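This report describes the fold, the interior and a few backbone details of the protein shown below. It begins with the whole chain and then turns to single parts.

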Amino acid sequence: VMSMSLVTISNAAFKDADKIDHTEAVEVMSALGVINGMPDGSFAPAGNVTRAEMAKMITIIMLGDIDADAFKGTVTDLTDINGHWAEGFIKYCYSQGVIAGRGDGTFAPNANVTAVEAAKMLLVALGYDAELESMIGSDWQVNVAKLAISAGLTDGLNIALSKVITRDEAAKMAFN
C-alpha cells in the first residue's frame, strides 16, 4: 500500500483525462498494469467492465504482471471460457475461489460485472471466505454489500452495488 501511494503518474496521457473522476485510483491502477488504457489513447472511464476484465484485474492485483498463458493448464468446470482472451486469468481466479461462475457451469466472461460482483471478487481476493462470510446463497448480495462497505471497498464511490461498474469505478474499488 505504501509503495502504491508513492506512484505518481499523470493520467494526462489519457486523452479523456478530464472525464476521469477517480484520478489517483486510475493513475495507480494504470501504473501497476491492473487496468489499462484503450488503444486510441483514451481511458474510457464510463465504459463498462466485463467479468473477464475483472478477473484479469484481480489476477494482476494478486500476482503482479503475469501472462494469462501461465494458467492455461488449470482445470475448471466452466464451459464457456475456452479460447477466450482472459481464459488463463479466469482459471486462476476460479482456482483461488475468487469466482465461482453463474451456477450453471458458465462464467459469462463477456457479460458486464456489477459492483456487488466485483466487490465479492475483491473480498475473496483479500482473504474473505465466501462460505463463512455468507457470500453465497440467496442473501449473498446483501452480505457482500455489508462486507464491502465495512472493508472500505466502496469508500469514495456513490454507486448502487447492483449496477454495472464502470472502468473508473472499478479502478477506485480496486484501489480501495
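What covers the buried residues of helix α4 includes α3, which spans residues 51-63. The model is a predicted one, and every value below is computed from it.

**Overall fold**

The protein contains 7 helices and 0 strands, and from the N terminus on its elements follow the order α-α-α-α-α-α-α. Its radius of gyration is 16 Å, close to the 16 Å that the globule rule gives for 176 residues, so the protein is as compact as a globular protein of that length. Taken along the principal axes, the box filled by the C-alpha atoms is roughly 45 × 35 × 30 Å. When contacts between residues at least 6 apart in sequence are considered, 63% of them join residues that are at least 24 apart.

Of the 176 residues in the protein, 47% are buried. The accessible surface amounts to about 8,700 Å², and carbon and sulfur atoms account for 52% of that surface. The protein carries 12 positive and 22 negative charges, and the mean positions of these two sets are 3 Å apart.

**The nonpolar core**

Which residues have the most contacts inside the largest nonpolar core? They are Met54, Ile90, Ile165 and Met173, in a core that has 53 residues. At least two residues of this core come from each of α2 (23-31), α3, α4, α5 (115-125), α6 (140-151) and α7 (167-175), and the largest share, 8 residues, is supplied by α5.

Met173 can be followed further: when its neighbours within four places in sequence are left aside, Met173 is in contact with Ala115, Ala118, Ala119, Leu122, Leu153, Leu157, Ile159 and Ile165. Among these partners is Ile165, which is itself one of the residues with the most contacts inside the core.

**Helix α4**

Helix α4, made of residues 87-95, is mostly covered, since 7 of its 9 residues are buried. Those buried residues are Glu87, Gly88, Phe89, Ile90, Lys91, Tyr92 and Cys93, so that the list holds Glu87 and Lys91 as well as Phe89 and Ile90. Ile90 also belongs to the residues with the most contacts inside the largest nonpolar core. Just after α4, Gly97 adopts a positive phi of about 80°.

**Loops and positive phi angles**

Two residues other than glycine also take positive phi values, and the table sets them out with Gly97.

| Residue | Phi | Place |
|---|---|---|
| Ala44 | about 55° | loop between α2 and α3 |
| Gly97 | about 80° | just after α4 |
| Ala108 | near 60° | loop between α4 and α5 |

Is Ala44 buried, partly exposed or exposed? Its relative accessibility is 22%, and because the buried class ends at 20% and the exposed class begins over 50%, Ala44 counts as partly exposed.

A glycine in another loop falls into the partly exposed class too: Gly64 lies in the loop between α3 and α4, and its relative accessible area of 25% makes it partly exposed. Gly64 and Met29 are 35 residues apart along the chain, and their C-alpha atoms are separated by 11 Å.

Conventions:
Residues numbered from 1 in each chain as written. Predicted model: local features only at pLDDT ≥ 70, side-chain atom pairs only at ≥ 80, totals over all residues. Heavy atoms only, no water. Buried < 20%, exposed > 50% of the residue type's maximum accessible area, 1.4 Å probe, protein only. Helix = DSSP H or I, 4+ residues; strand = E, 2+ residues; numbered from the N terminus. Contact = heavy atoms within 4.5 Å. Rg over C-alpha atoms; globule rule 2.2 N^0.38 Å. Areas by Shrake-Rupley, 256 points an atom, 1.4 Å probe, with all protein chains shown as cover. Lys, Arg positive; Asp, Glu negative; His and termini not counted. Charge placed at Lys NZ, Arg CZ, Asp CG, Glu CD. Core = buried A, V, L, I, M, F, W, Y, C linked by side-chain atoms within 4.5 Å.
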